[in-house]
Amino acid sequence: MPSVMGLLEGRERAARQRVEALQAELQEAEAALERFVIARETVGQVLAEPGGCGDAPVIVPDQRPRPVMGAVPGSVVPVRWEGLDAGVLAPDYRRIMAIVADRGGEAMDCRQLAAALGLAVVPAKVEGVRSKVKRLAARGWLVETVPGRFSDAAGPGGGS
């Protein structure tokens, strides 16, 4: 029969090994977290720079520079600053901006926008449009003149 001290030593060894494994896993997780924080900060700085979304060359190792021409579907909506045009927006957002701009400063609600986009005016489609126009308003592209009604921030009664 094993001694009590031998059993305790065995359990202590097992606990120490588990602690070491968890500490190694924690260090890996902290390193990954640090990389994500740095990446997020870098992307935020690049998007905040004037001209950061324009025709800047992208250099890939062992390849020649290629110009970046604009946003693609699913890209982030940048914060609007003076001189930035809607060409940096993803296609769906550009369509919304064009429709709102064509109204000459008249505010539109999300149902009107959904219909103008050629979507069925059903709750699912209207809510999709609502999320996009809210995002545009939060980043300075549109103005929510009254709750639920949006107009161009650059147009009459708008901001910039």
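**Lys-134 and its partner**

I began with Lys-134, which is partly exposed at a relative accessible area of 39%; on this scale buried means under 20%, exposed over 50% and partly exposed in between, with a 1.4 Å probe and protein chains only. Before going further I noted that this is a predicted model, in which local features need pLDDT of at least 70 and side-chain atom pairs count only at pLDDT 80 or more, while totals for chains, interfaces and linings use all residues. I also noted that residues are numbered from 1 along each chain as its sequence is written, and that side-chain values use heavy atoms, with hydrogens and water left out.

I then looked up the partner of Lys-134 and found a salt bridge with Glu-144, where the closest N and O atoms are 3.1 Å apart; the term stands for a side-chain nitrogen of Lys or Arg within 4 Å of a carboxyl oxygen of Asp or Glu. Because Glu-144 lies in strand S4 and Lys-134 in helix H4, the pair ties together parts that are 10 residues apart in sequence. Helices (H or I, at least four residues) and strands (E, at least two) are DSSP runs, numbered from the N terminus. Glu-144 counts as partly exposed, at 30% relative accessibility.

**Other salt bridges**

I counted five salt bridges in the structure. One of them joins Arg-130 to Glu-127, with 3.1 Å between the closest N and O atoms, and both residues lie in helix H4, three residues apart, about one turn of the helix. Arg-130 is partly exposed at 27%, and Glu-127 is partly exposed at 45%. Another joins Glu-106 to Arg-103, the closest N and O atoms being 2.7 Å apart; Glu-106 is partly exposed at 42% relative accessibility, and Arg-103 is partly exposed at 29%.

**The sheet and its helices**

Next I traced the open sheet of three strands, which has the order S3-S5-S4 with antiparallel pairing; two strands pair if DSSP finds at least two bridges between them. Strand S3 (108–109) and strand S4 (142–146) stand at the edges with a single partner strand each, so one side of each is left without a neighbour in the sheet. S4 and strand S5 (residues 149–152) run antiparallel and are joined by four bridges, and Leu-142 stands opposite Asp-152 in S5.

I looked for helices on this sheet, taking contact as heavy atoms within 4.5 Å and axes as lines fitted to C-alpha atoms, for helices over the stretch in contact, with angles from 0 to 180 degrees between N-to-C directions. Helix H4 (residues 123–138) packs on the sheet, touches S4 and S5, and has a direction at about 105 degrees to that of S4. Helix H2 (residues 91–102) also packs there, touching S3, S4 and S5, and its direction makes about 85 degrees with that of S5.

**The chain as a whole**

I recorded four helices and five strands for the protein chain, running α-β-β-α-β-α-α-β-β from the N terminus on. Buried residues make up 19% of the 160 residues. Among contacts between residues at least 6 apart in sequence, 41% join residues at least 24 apart. The accessible surface comes to about 11100 Å², of which 58% belongs to carbon and sulfur atoms; the areas come from the Shrake-Rupley method with a 1.4 Å probe, and for residues only the protein chains shown count as cover.

**Val-4**

Last I checked Val-4, which is found in helix H1 (residues 4–48) and is exposed, with a relative accessible area of 59%.
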